[in-house]
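Me: Could you take a close look at one helix in this structure for me, and tell me what surrounds it? I'd like one connected walk-through rather than a list.

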Amino acid sequence: MPILKVEHVKKLFGNLNVLKDISFELNAGEVLSIIGPSGSGKSTLLRCITQLETVNGGLVQVDGKDMVQSGDKGTPVYAPAKVLREIRLSTGLVFQNFNLFPHLTVLQNLCLAPVRVLGVSREQARETGKSLLKRMGLEGKEKAYPCELSGGQQQRVSIARALAMNPKILFFDEPTSALDPELTGEVLKIIKKLAEEKMTMVIVTHEMAFARDVADKVIFMDGGYIVEQGTPDFVFNQSGNERLSQFLSRFSKN
Amino acid sequence: MSDLSSLLPILWGGFCTTLAIFGLTLLFSIPLGLLIAVLKMSKWRVVRYPVSFYISVMRGTPLLLQIVAIYFGSYYLSEYSGLGFSFDRFPAVIVAFSINYAAYFAEIFRGGIQSIPKGQYEAAYMLGMTRTQTFFRIILPQVVKRVVPASANEVITLVKDTSLAQVIAVTELFALAKKQQAAYASIYPLFVAGVFYYVANLLLSVLFAYLERKLDYYK
């Protein structure tokens, strides 16, 4: 059974049809890259699945739990608040601009939710936090404040913060778009490492080489539709879809 | 200058009343202001509109008038309704100052709360934090840092506004200084009172500068 199932999802902002008919599935341990031009609906799709936006129709199922499904008249019916919260706790999101808590130290950023939300003991949370920082190559930064770190370091802290909640699926919304080019590498390296550890991930990205290397599956979106989806090899080399090759050619020129 | 030794104890007594008005007003108006700020951002109009009206009246009429209204208003209300409850002079002053300053603090706090980026709420939401947890652990601590400079203005103004309490014959610093002015037939006591206000505000300025530095550990 797929850990994430999305069927016929629609999303409107007023009259603007941002997501038209989105369907895909993802199995546990797989990595999905979502690529496509700006305004194609990638980030909106991610925000719909992570409950930061509500859908206007369709089905989303996370880890076997229905988050939203279509009612009688096609209107979306969301699960009770308790189930939605359970689903939210099984998903983590890494934001484009990190959204770390600036008034808390790095370690406090990592410990706050595990202690307050999951009820983990303070000592346990600190231990987990420290070992996560070690995995992120941020040893010794426990007591630093986010403003004292580089963008790449901040993004690695925010990945650690999401991992501290032990999510089943980790979502990335353009995790390197706010970073200087020389800092993207350190973040991508961490995500690659997570992929090797079989973390289930959905990554919206503009880094084409990265999307191809890290993913088990790639989705190309344009104009609110999934234009093409399949293995990286299929999407990047064999598809032959005109819009896709147009989009990819813009990257290969650089 | 020989009379300074007799003047100072008298003015000091008035200054203590001034300090009491100051302290109690802050004690009540800051939490009340926070509550009003939150209510003013309510999504329900039935909550938002009365709160907006309250703020506009508090800011749009003289504090002097509000003190008089609370004191005499409660007196007449109790006389004619037979409720048998009215404010004494000092409590009336505290009530009037608290609800007036709460309105100003509310607008400062609202500005602070609304300046916190949406991403902070979203990050907390994704981590499963409740709305209460998000407000008190994520939003409010950041708001405090942002509202310190504007709040310092209000607090310093409050020290001087306490002199309005004399309108219903509460003998705070300025009222006593005026009495001494008549007794001495000199404006000299008023200047001494002025020094009291100035020194108090000087100390407050230092305190707020320290607070701003203390909160400067993050951007």
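Reply: A quick bit of vocabulary before the tour: the bend at a residue is the angle between two axes, one fitted to the seven residues ending there and the other to the seven starting there. Keep in mind, too, that this is a predicted model.

With that in hand, go to α6 of chain B, residues 131-161. A kink of about 50 degrees sits at B:Val148, shortly before the proline B:Pro149. You can also see something in the end-to-end span: the helix has 31 residues, but its end C-alpha atoms are only 37 Å apart, short of the 45 Å that a straight helix would reach at 1.5 Å a residue.

Now for the side that faces inward. The buried residues of α6(B) are B:Ile138, B:Ile139, B:Gln142, B:Val143, B:Val147, B:Ser151, B:Leu158 and B:Val159. They pack against four helices of chain B, namely α1 (4-40), α4, α5 (118-126) and α8 (188-214).

Two of those buried residues lead you straight to a phenylalanine. B:Phe109 touches B:Val143 and B:Val147, and its other contacts beyond four places in sequence are B:Gly33, B:Leu34 and B:Ala37. B:Phe109 is also among the residues with the most contacts inside the largest nonpolar core, alongside B:Val93 and, from the other chain, A:Ile34, A:Ala160, A:Phe171, A:Val202 and A:Ile203. That core has 108 residues, and its largest share, 15 residues, comes from helix α4 (residues 89-114) of chain B. There is a second, separate core of eight residues, which includes B:Phe15, B:Leu173, B:Leu176 and B:Phe196.

Follow B:Phe109 to B:Gly33 and you land in helix α1 of chain B. B:Gly33 counts as buried because 26 other C-beta atoms lie within 10 Å. Besides B:Phe109, B:Gly33 touches B:Ala102, B:Phe105 and B:Ala106, leaving out residues up to four places away in sequence. B:Gly33 also gives you a way back to where we started: B:Glu154 is 121 residues away from it in sequence, yet 12 Å away in space, C-alpha to C-alpha.

Zoom out and the chain as a whole looks like this. Chain B has eight helices and zero strands, and its C-alpha trace spans about 70 × 50 × 25 Å along its principal axes. Of its 219 residues, 30% count as buried. Looking at the contacts in chain B with a separation of 6 or more, 75% come from residues 24 or more positions apart.

Methods: Residues numbered from 1 in each chain as written. Chains lettered and ligands numbered in written order. Predicted model: local features only at pLDDT ≥ 70, side-chain atom pairs only at ≥ 80, totals over all residues. Core = buried A, V, L, I, M, F, W, Y, C linked by C-beta atoms within 7 Å. Buried ≥ 20, exposed ≤ 12 C-beta atoms within 10 Å, placed from the backbone. Helix = DSSP H or I, 4+ residues; strand = E, 2+ residues; numbered from the N terminus. Contact = placed C-beta atoms within 7 Å. Expected span 1.5 Å × (residues − 1).
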